[in-house]
Amino acid sequence: MKLTNINTIKDLLMRHGFTFTKSLGQNFLINPSVCPRMAAAVTGVGNPKHASTGTVVEIGAGIGVLTRELSKVADKVIVIEIDETLKPILAETLADCDNVEIIWGDVLKLNLHEIITQPVHVCANLPYYAATHIIMQLLESGLPVRSITAMVQEEVAQRFTALPGSKQYGIVGVITRYFAEPKQLFKVSRGSFMPSPNVDSAVIQLIINNEQLIMHDEKKLFKLIKAAFSERRKQLCNPVSKEFGIEKEAVKAALEHIGMNSTARAEELGLNEFIKLYERILVE
Ligand code: SAM
C-alpha cells in the first residue's frame with residue numbers, strides 16, 4: 001500500500017469514513033520523498049555507519065506514512081496520536097509493522113516521563129498549531145531525548161535556527177541553543193500535503209547537547225531572556241531592570257563588563273552573552 005498515493009489515501013479515508021480535523025493540524029504528507037529523507041536524517045544522527053537507531057518517538061501518526069518509514073530504520077517506534085478516529089486506519093496501514101506501539105492521547109497532556117524511559121530520537125511532522133510548544137516542552141522536560149527531527153512551518157523553522165541580529169531571532173532561538181544545536185535540513189512545499197496548508201514548511205533537526213550546561217538557576221536565566229525580549233526594539237536594560245528590581249545603571253555596567261554596548265537590545269545578544277549577563281547580575 002503506497003501511503004503517498006492520493007487515490008490510495010482517498011480510498012482508505014472513504015472506506016473508514018475519516019474526515020480531517022483542521023484544528024488538529026491534520027495535513028498528511030503525500031510527497032513520496034519526504035518521509036524517507038526524514039527517516040534517513042534520524043538514522044544519521046551521531047551514527048554515520050547507520051548502526052541501530054534504537055527507539056524513535058513519533059508525534060502524530062496520521063495514516064502512518066512516516067511511521068512506516070521510521071519502522072524500517074528503528075528498533076522500535078512509539079507513536080503518540082490524539083485522534084482516535086484514526087484507529088481503524090492505522091490498524092490497517094501498520095498491520096505488518098511489528099515494532100510500532102501506538103499511544104492514544106494528547107502529547108501535551110500525557111506523562112512523557114512514563115513513556116520515554118530510555119534514550120530516544122524524536123521524529124515528527126508536527127501539527128502546526130502546537131509545533132513550537134511541543135518542541136520547547138521536549139527540550140525543557142529533561143527527558144532522555146537525543147535529537148528532534150521535525151517538520152514545522154517555514155517561519156517556525158527560521159525561529160528555531162535564527163542567529164543574533166536576524167528578524168526571526170528571539171526567545172525560541174536562544175533557549176533552543178541552551179539545549180541543542182539546531183539546523184534546517186530541507187524545505188517542503190505546501191503542495192506536499194493533503195490537504196494543502198497556506199504556508200510552506202521545513203524540516204529542522206535539533207541535536208541535543210551531550211553535555212548540558214550547568215546553571216545555577218536555569219529558570220532564572222530563561223526569565224532574563226524572556227524579559228529582555230519583552231521589549232525587543234528597546235534597550236534591554238529597561239525591561240531587565242524592571243523584571244528583577246535592579247538599578248538600570250547596574251544592568252548597563254554589566255553589559256559593558258561582558259563586552260556589549262550599554263544600550264544593547266536583546267536581539268544583539270547570543271546565548272553566551274545572556275549567560276554572562278545572568279552571571280553578572282543574577283548570581284550572588
Ligand atoms: N505523520 C502524519 C503525516 O506526516 O502525514 C500526520 C502529520 S499531521 C501534520 C499531525 C498529526 O498530529 C495528526 O495526525 C493529528 O491528529 C496529530 N495531533 C495533533 N495534535 C496532537 C496532540 N496534541 N497530540 C498527539 N497528536 C496530535
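Let me begin with Asn 99, whose side chain reaches the backbone oxygen of Ala 74 at 3.1 Å, and I should say at once that we are looking at a predicted model. Asn 99 lies in the loop between α4, residues 87–93, and β4, residues 100–104. If we set aside residues up to four places away in sequence, Asn 99 touches Ser 71, Ala 74, Asp 75, Lys 76 and Val 77, and Ala 74 is thus both a residue that Asn 99 touches and the one whose backbone oxygen its side chain reaches.

From there I would like to turn to the ligand. There are 22 residues around the ligand, and those that come nearest are Gly 60, Glu 81, Asp 106, Asn 125 and Tyr 129. Asp 106 also has an N or O atom in its side chain that is 2.8 Å from a nitrogen atom of the ligand. With Gln 26, an N or O atom of the side chain is again involved, but here the partner is an oxygen atom of the ligand, at 2.9 Å. With Ala 61 the protein atom belongs to the backbone, where an N or O atom lies 3.5 Å from a nitrogen atom of the ligand.

Now to the helices, and I will start with α9, because it figures in two of the pairs I have chosen, with α8 and with α12. Helix α8, which covers residues 171–179, packs with α9 at an angle of about 155°, their axes being 10 Å apart. That angle makes α8 roughly antiparallel to α9, and α8 passes α9 in a right-handed crossing. On the side of α8 the contact is made by Ile 171, Val 174, Ile 175, Tyr 178 and Phe 179, and on the side of α9 by Glu 218, Leu 221, Phe 222, Ile 225, Lys 226 and Phe 229. Taken by kind, these residues are nine nonpolar, no polar and two charged.

How do α9 and α12 lie relative to each other? The axes of α9, residues 218–230, and α12, residues 271–282, come within 10 Å and cross at roughly 105°, and the two helices are therefore roughly perpendicular to each other. From α9 the contact involves Lys 220, Leu 221, Leu 224, Ile 225, Ala 228 and Phe 229, while α12 brings Phe 274, Ile 275, Leu 277, Tyr 278, Ile 281 and Leu 282. Here the division is 11 nonpolar, no polar and one charged.

A further pair is formed by α10, residues 237–244, and α11, residues 248–257, whose axes come within 9 Å and cross at roughly 125°. That makes α10 oblique to α11, and α10 passes α11 in a right-handed crossing. The contact is made by Cys 237, Asn 238, Val 240 and Ser 241 of α10, together with Lys 248, Val 251 and Lys 252 of α11, and these residues divide into three nonpolar, two polar and two charged.

Let me finish with a detail of the backbone. Most peptide bonds are trans. The bond from Met 194 to Pro 195, however, is cis, with omega near -10°, and Pro 195 is found in the loop between β8, residues 193–194, and β9, residues 201–208.

Methods: Residues are numbered from 1 along each chain as its sequence is written. This is a predicted model: local features need pLDDT of at least 70, side-chain atom pairs count only at pLDDT 80 or more; totals for chains, interfaces and linings use all residues. Side-chain values use heavy atoms; hydrogens and water are left out. Axes are lines fitted to C-alpha atoms, for helices over the stretch in contact, and angles run from 0 to 180 degrees between N-to-C directions. Helices (H or I, at least four residues) and strands (E, at least two) are DSSP runs, numbered from the N terminus. Angles under 35 degrees count as roughly parallel, over 145 as roughly antiparallel, 65 to 115 as roughly perpendicular and the rest as oblique. A crossing is left-handed if the near helix is turned anticlockwise from the far one by less than a right angle, and right-handed if clockwise. Contact means heavy atoms within 4.5 Å. Ala, Val, Leu, Ile, Met, Phe, Trp, Tyr, Cys and Pro count as nonpolar, Asp, Glu, Lys and Arg as charged, and the others, Gly among them, as polar. A residue is near a molecule or strand if one of its heavy atoms lies within 4 Å of it. A polar contact is a pair of N or O atoms within 3.5 Å; within protein, one must be able to donate a hydrogen and the other to accept it, and residues adjacent in sequence count only if both atoms are side-chain atoms.
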